[in-house]
Amino acid sequence: MTVESSAHTYRFPPLDRTGWLLGLSGAQCLILAAGVVASGALLQAAAPAPAVLTPLVLSVALAFAGWDGRPAHEQIPPLVRLAVQQLTGNARWTAELPLLSGTVEDAERQPVLPPFLAGLTILDAGPAAWCRSTSAAGVAVVHDARQRTVSASLRVRGQGFALLERPEQDRLVAQWGGVLAAFCTERSPVLSVRLSEWAGPAGLGEFERFAEAHHRKAGSG
């Protein structure tokens, strides 16, 4: 008699698309309203049909079209800021080199940041008792005075997940879900939890050390 274990599946709910009207965001509603008003004004002025339809078509394209994986209307503000910086000559940013005197004042002085990072302060929170990887370097906390938030990043590593049996994979995924669920509480001071996955090329030495470490574990077991 064989017992087949059913694999656990997980489905994330759809993103909250609640907007001002029919799921449209505020920016989309304003763009469409501006196109309708402009077309209406041209219609009252007895303008030709192409001229009347042009603002409406442009507003619809701007509100719903996408470019480079993002909505087109969300890319207008950064493009406008970049154009203004190019015209005013503020597109470049330079900082003075710190003095290599080795004094305490120089070590505690905050680095000079570009204008778009104004209001950010880097703080040394020291090592975290619950994270062994921070015992040597500690944790850097970024304080945003404008948003009144603090943020930090921790390095998390996992090995051999694809080689584990399905029950063990389900157990690890359930534990990871338990970690994330701890932040999903009412009136939690945590605003968001983000996961950044990074992978890069490694030399042959990394693979040799990995094989040697796992060979020693297999031999000791």
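Thr149 lies in strand β5, which covers residues 149-152. The model examined here is a predicted one. With a relative accessibility of 26%, Thr149 counts as partly exposed, because the buried class ends at 20% and the exposed class begins over 50%. Once the neighbours within four places in sequence are set aside, the contacts of Thr149 are with Val142, His143, Asp144 and Leu191. A further link across the chain is given by Val190: this residue is 41 positions from Thr149 in sequence, yet the two C-alpha atoms are 9.4 Å apart in space.

Val190 also leads to the surface of the model. Together with Trp176, Val179, Leu180, Phe183, Val193 and Leu195, Val190 makes up a nonpolar surface patch of about 620 Å². One of these patch members, Val179, sits in helix α5, a helix that takes in residues 166-181. Val179 has a relative accessible area of 42% and is therefore partly exposed, since that class lies between 20% and 50%.

It is helpful to set these local details against the whole chain. The protein has six helices and five strands, and their order along the sequence is α-α-β-β-α-α-β-β-β-α-α. Buried residues account for 12% of the 221 residues in the protein. The exposed area comes to about 19,500 Å², of which 62% is supplied by carbon and sulfur atoms. Among contacts with a separation of 6 or more, 27% join residues that are 24 or more positions apart.

Terms used
Residues are numbered from 1 along each chain as its sequence is written. This is a predicted model: local features need pLDDT of at least 70, side-chain atom pairs count only at pLDDT 80 or more; totals for chains, interfaces and linings use all residues. Side-chain values use heavy atoms; hydrogens and water are left out. Patches are made of residues with over 30% relative accessible area and no salt bridge: like charges are joined within 9 Å, nonpolar side chains (Val, Leu, Ile, Met, Phe, Trp, Tyr) within 5 Å. Accessible areas come from the Shrake-Rupley method with a 1.4 Å probe; for residues, only the protein chains shown count as cover. A salt bridge is a side-chain nitrogen of Lys or Arg within 4 Å of a carboxyl oxygen of Asp or Glu. Helices (H or I, at least four residues) and strands (E, at least two) are DSSP runs, numbered from the N terminus. Buried means under 20% relative accessible area, exposed over 50%, partly exposed in between (1.4 Å probe, protein chains only). Contact means heavy atoms within 4.5 Å.
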